[in-house]
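Trainee: I would like a close look at a single part of this model rather than a tour of the whole. Please choose one, and show how it is put together and what lies against it.

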Amino acid sequence: MDYIKEFESYVSEAPSAITLGKFDGLHRGHQKLIHKICEYKKEYGATSIVFAFNMIPFFEKQGMIRRGIMTNEERKERLENIVDVLVECPFDEKVSHIAAEDFIEKVLVGIFHAKYIVVGTDFRFGYQKRGDVHMLAAFAEKYGYELTIVEKEMYGDREISSTYIKEELLKGNIESVNEMLGYSYMIHGTVEYGKQLGRTLGFPTMNVHPSDEKLLPPKGVYMDSVRLDGRWYHGIGNIGVKPTVTEEKRMLVETYLFEYSGNAYGKQVQIELHKFKRSEQKFASVDEMKDQVGQDISYAKEYFKNFLTQ
């Protein structure tokens, strides 16, 4: 997959099938769009392109940190070997001021040679969001592309959207989040050196500091799985600041893996969350914490027994 951050650097003359949006999470609704451009690639040989607006510059201008369901790097990794090109377009001053028709003529057709444009029903683009699916349809014949408008995917009686997923994530409803994503919510990071307290208590853990751009569920204990050295391990993890043993207030994902005994320091891991168990708490003593963690581990092992037989 080719990965570009400035759309002007795209140089191919081949016709393309392109889908556009923020693509935060690459949820089931996004997957319908991506599946469609891949169909056009298979049927007509068009280059499949995901054009993702990177909203970080916009939030930085407002003095805010953009926290999303997935980081840009996670999105890139998830799309590898699925599409031909991922464009991560910074939504900066220049891009936000491109007139809607200019975006169609100069960017979609002029640069990407779009023959097939695939968008959701609520897609907006161009200066002051003046462009929409109706404008794309109106200019299709003039600029020689075919427009496909994909209906929203539903979860219950609500449309699946990044906003809805974020609402559920902040409530700790991980199972609903995973249903809407179509895969397990994940956290990527590097295993850090810690105080090794867990090792002395009989359950050695690995600590990962999540990206500041990552939206996290409530602090607490979760059933999780960790991909390490190409293999998946089941475990139980805590997202939070470890109030019983430190005053640092630094957010960490601390995970105990049931069947791993190696040295993971400095390694990249992928953590997938499956189910929320309880909120993070400050215990009166380390012994009290140890007792509760023992109960959590027993619960998690039983959970994964059932999980694997479903």
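Mentor: What follows is about the barrel, its strands and the helices beside it.

This is a predicted model, in which local features need pLDDT of at least 70, side-chain atom pairs count only at pLDDT 80 or more, and totals for chains, interfaces and linings use all residues. Residues are numbered from 1 along each chain as its sequence is written, and side-chain values use heavy atoms, with hydrogens and water left out.

The barrel is closed by six strands in the order 9-10-13-12-11-14, with antiparallel pairing. Its neighbouring strands are turned by 45° against each other on average, direction ignored. Angles here run from 0 to 180 degrees between N-to-C directions, with axes as lines fitted to C-alpha atoms, for helices over the stretch in contact. Helices (H or I, at least four residues) and strands (E, at least two) are DSSP runs numbered from the N terminus, and two strands pair if DSSP finds at least two bridges between them. Strands of a sheet pair through backbone hydrogen bonds, either parallel or antiparallel.

Start with strand 12 (residues 231-240). On one side, strand 12 pairs with strand 11 in the antiparallel sense over nine bridges. Within that pairing, Val226 has Tyr233 as its bridge partner in strand 12, and Gly220 has Ile239. The two strands form a hairpin with two residues between them, where Asp229 takes a positive phi near 55°.

Strand 12 is also joined to strand 13 (residues 252-257) by six bridges, and these two run antiparallel. Here Gly235 stands opposite Leu257 of strand 13, while Asn238 has Glu254 as its bridge partner. Seven of the ten residues of strand 12 are buried, so this strand is largely enclosed by the rest of the structure. Buried means under 20% relative accessible area, exposed over 50%, and partly exposed in between (1.4 Å probe, protein chains only).

Strand 13 goes further: six of its six residues are buried, so strand 13 too is largely enclosed by the rest of the structure. In a regular strand the side chains alternate between the two faces of the sheet. In strand 13, Leu252, Glu254 and Tyr256 point one way and Val253, Thr255 and Leu257 the other, and all are buried. Strand 13 is also joined to strand 10 (residues 206-208), by three bridges, and the two run antiparallel. Val208 has Val253 as its bridge partner there.

Now the helices that lie against the barrel. Helix 9 (residues 174-181) lies across strand 11 and strand 14, running at about 135° to strand 14. Six of its eight residues are buried, so helix 9 is largely enclosed by the rest of the structure. The buried ones are Ile174, Ser176, Val177, Asn178, Met180 and Leu181. These residues pack against strand 11 (220-228) and strand 14 (268-279), and also against helix 1, strand 7 (154-155) and helix 8, where contact means heavy atoms within 4.5 Å. Just after helix 9, Gly182 takes a positive phi of about 85°.

The barrel as a sheet of six strands, in the order 9-10-13-12-11-14, has another helix packed on it. Helix 3 touches strand 9 (186-192) and strand 14, and its direction makes about 110° with that of strand 9. Helix 3 (residues 72-79) also lies across strand 1, strand 3 and strand 4 (85-90), running at about 165° to strand 4.

Those last strands belong to a second sheet, so a short look at it completes the setting of helix 3. This second sheet is open, with six strands in the order 1-4-3-2-5-6 and parallel pairing. Its edge strands are strand 1 (2-4) and strand 6 (146-150), each of which pairs on one side only. Neighbouring strands in the open sheet are turned by 20° against each other on average, direction ignored. Helix 1 (residues 28-44), already named as a packing partner of helix 9, has its own place on the open sheet. Strand 2 (residues 16-21) and strand 5 (residues 114-120) pair in the parallel sense over four bridges, with Tyr116 of strand 5 as the bridge partner of Ala17. Helix 1 packs on this sheet, touching strand 2, strand 3 (47-54), strand 5 and strand 6, and its direction makes about 160° with that of strand 5.
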